[in-house]
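Here are a few exercises to work through with the model open on your screen. Try each task before you read its solution.

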Amino acid sequence: MMNMPNILIVDDHREIRDALKRYLEKNGYRAHAVDNTKAMDRALEDGSYDLVILDVMMPGEDGLAACRRLRPTNNVAILMLSALGEETDRVVGLEIGADDYIAKPFSPREVLARIKAILRRTELPSEIHGGQYGGKQLQFDRWILDVDRRILSGENGLETVLTTADYQLLIAFLERPRAILSRDRLLDVTTGREASPFDRAIDNQVCRLRRKIEVDASSPELIVTVRGGGYCFMSEVTEISGNENQ
């Protein structure tokens with residue numbers, strides 16, 4: 001049981017969080033449920049979790065604010081829950097670093113399926129997770145990516161831990177420099193699923209990644225848009241040894 005994924009449920013509705021906890025435990029997962037983000041912070045400090053189910057609409061700090069705060073320092077996978085079904089709300093959740101988003105009402109089976117899909121992406125061994133570059137460091141433009149650690153280092157020496165979504169998208173581009181990748185292809189490579197009503201997910205992930213690696217995200221030079229085609233990564237990619245970055 002200790003080897004099973006550990007899930008943290010954060011929702012102020014007792015019936016929802018207790019029902020999800022029971023369902024996940026029934027299906028072999030470990031689960032812990034709390035009712036606010038302060039309790040979430042304490043749980044993350046005290047234990048190791050593979051995924052956080054984070055409700056958007058909560059008193060005090062809401063789920064979107066908590067996701068935005070977690071992302072720069074914590075690489076735990078995040079599945080957002082919300083009673084708001086508008087596309088803009090889903091886009092915001094994905095844009096600030098959530099790995100997936102599901103609208104209420106939902107079935108526990110759907111939540112479980114989303115969890116399995118996220119964990120398949122985040123728990124793969126590094127040699128598979130980083131594709132052909134597992135165990136290596138990659139240099140492109142002004143950046144160095146430590147593939148196994150998911151850390152992006154700039155010329156100023158500052159390090160950024162990439163979210164799962166940003167990491168998978170960047171790897172997809174680094175493996176295919178100067179190739180035109182359609183939105184459907186990028187969605188398949190990064191999430192393993194076909195296009196869905198979340199058809200703007202890749203566009204928003206690209207925007208978020210551009211803000212991290214472009215000199216000017218409004219005039220991108222590394223990830224360029226190909227009209228009617230998708231996106232193309234324009235930089236050369238070079239493998240370097242660990243010693244070269246020290």
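A residue counts as buried under 20% relative accessible area, as exposed over 50%, and as partly exposed in between. Keep in mind that this is a predicted model.

**Exercise 1. Work out whether Arg176 is buried, partly exposed or exposed, and find its salt-bridge partner.**

Solution. Start with the accessibility: Arg176 comes out at 21%, so it counts as partly exposed. Now look at the side chain. Arg176 meets Glu175 in a salt bridge, with 3.3 Å from N to O. That's one entry in a total of 16 salt bridges in the structure.

**Exercise 2. Find the salt-bridge partner of Asp166 and say what the pair ties together.**

Solution. First, the partner is Lys212, and the closest N and O atoms are 2.5 Å apart. Next, place both ends: Asp166 sits in helix α7 (residues 164-175) and Lys212 in helix α9 (residues 201-213), so the bridge ties together parts that are 46 residues apart in sequence. Last, check how open each end is. Asp166 has 0% relative accessibility, so it counts as buried. Lys212, at 28%, counts as partly exposed.

**Exercise 3. Trace the salt-bridge network that includes Asp55.**

Solution. Begin with the pair Asp55 and Lys104, whose closest N and O atoms lie 3.1 Å apart. This pair links distant parts of the chain, 49 residues apart: Asp55 belongs to strand β3 (residues 51-55), while Lys104 is in the loop between β5 (100-103) and α5 (108-122). Both Asp55 and Lys104 are buried. Then add Asp11, which is linked with Asp55 and Lys104 in a network of salt bridges.

**Exercise 4. Check the length of helix α1, then sort out its two sides.**

Solution. Take the length first. Helix α1 (residues 14-26) has 13 residues, and the expected span is 1.5 Å times one less than that number. This gives 18 Å, and the end C-alpha atoms are 18 Å apart, so the two agree.

Now the sides. Arg17, Leu20 and Leu24 are the buried residues of α1. They cover an arc of only 65 degrees around the axis, which means they are on the same side of α1. Over on the other side, Arg14, Glu15, Arg22 and Lys26 are exposed. To finish, step just past the end of α1: Gly28 takes a positive phi of about 95 degrees there.

**Exercise 5. Classify the ring pairs that Phe233 makes.**

Solution. A pair of aromatic rings is described by the distance of the centres and the angle of the planes. You'll need two cut-offs here: planes under 30 degrees apart count as stacked, and over 60 as edge-to-face. The count to account for is 2 aromatic pairs.

For Phe140 and Phe233, the centres are 5.6 Å apart and the planes are at 65 degrees, so call this pair edge-to-face. It links distant parts of the chain, with Phe140 in strand β6 (residues 137-140) and Phe233 in strand β12 (residues 230-233), 93 residues apart. Phe140 has 1% relative accessibility, so it counts as buried. Phe233, at 0%, counts as buried too.

For Phe173 and Phe233, you have 6.0 Å centre to centre and 25 degrees between the planes, and that pair is stacked. Here the link runs from Phe173 in helix α7 to Phe233 in strand β12, 60 residues apart. Phe173 is also buried. Put the pairs together and you get a cluster of Phe140, Phe173 and Phe233.

Definitions and conventions:
Residues are numbered from 1 along each chain as its sequence is written. This is a predicted model: local features need pLDDT of at least 70, side-chain atom pairs count only at pLDDT 80 or more; totals for chains, interfaces and linings use all residues. Side-chain values use heavy atoms; hydrogens and water are left out. A salt bridge is a side-chain nitrogen of Lys or Arg within 4 Å of a carboxyl oxygen of Asp or Glu. Helices (H or I, at least four residues) and strands (E, at least two) are DSSP runs, numbered from the N terminus. Buried means under 20% relative accessible area, exposed over 50%, partly exposed in between (1.4 Å probe, protein chains only). The arc is that of the directions from the helix axis to the C-beta atoms. Rings of Phe, Tyr and Trp (its six-membered ring) pair if their centres lie within 6.5 Å; planes under 30 degrees apart count as stacked, over 60 as edge-to-face and the rest as tilted.
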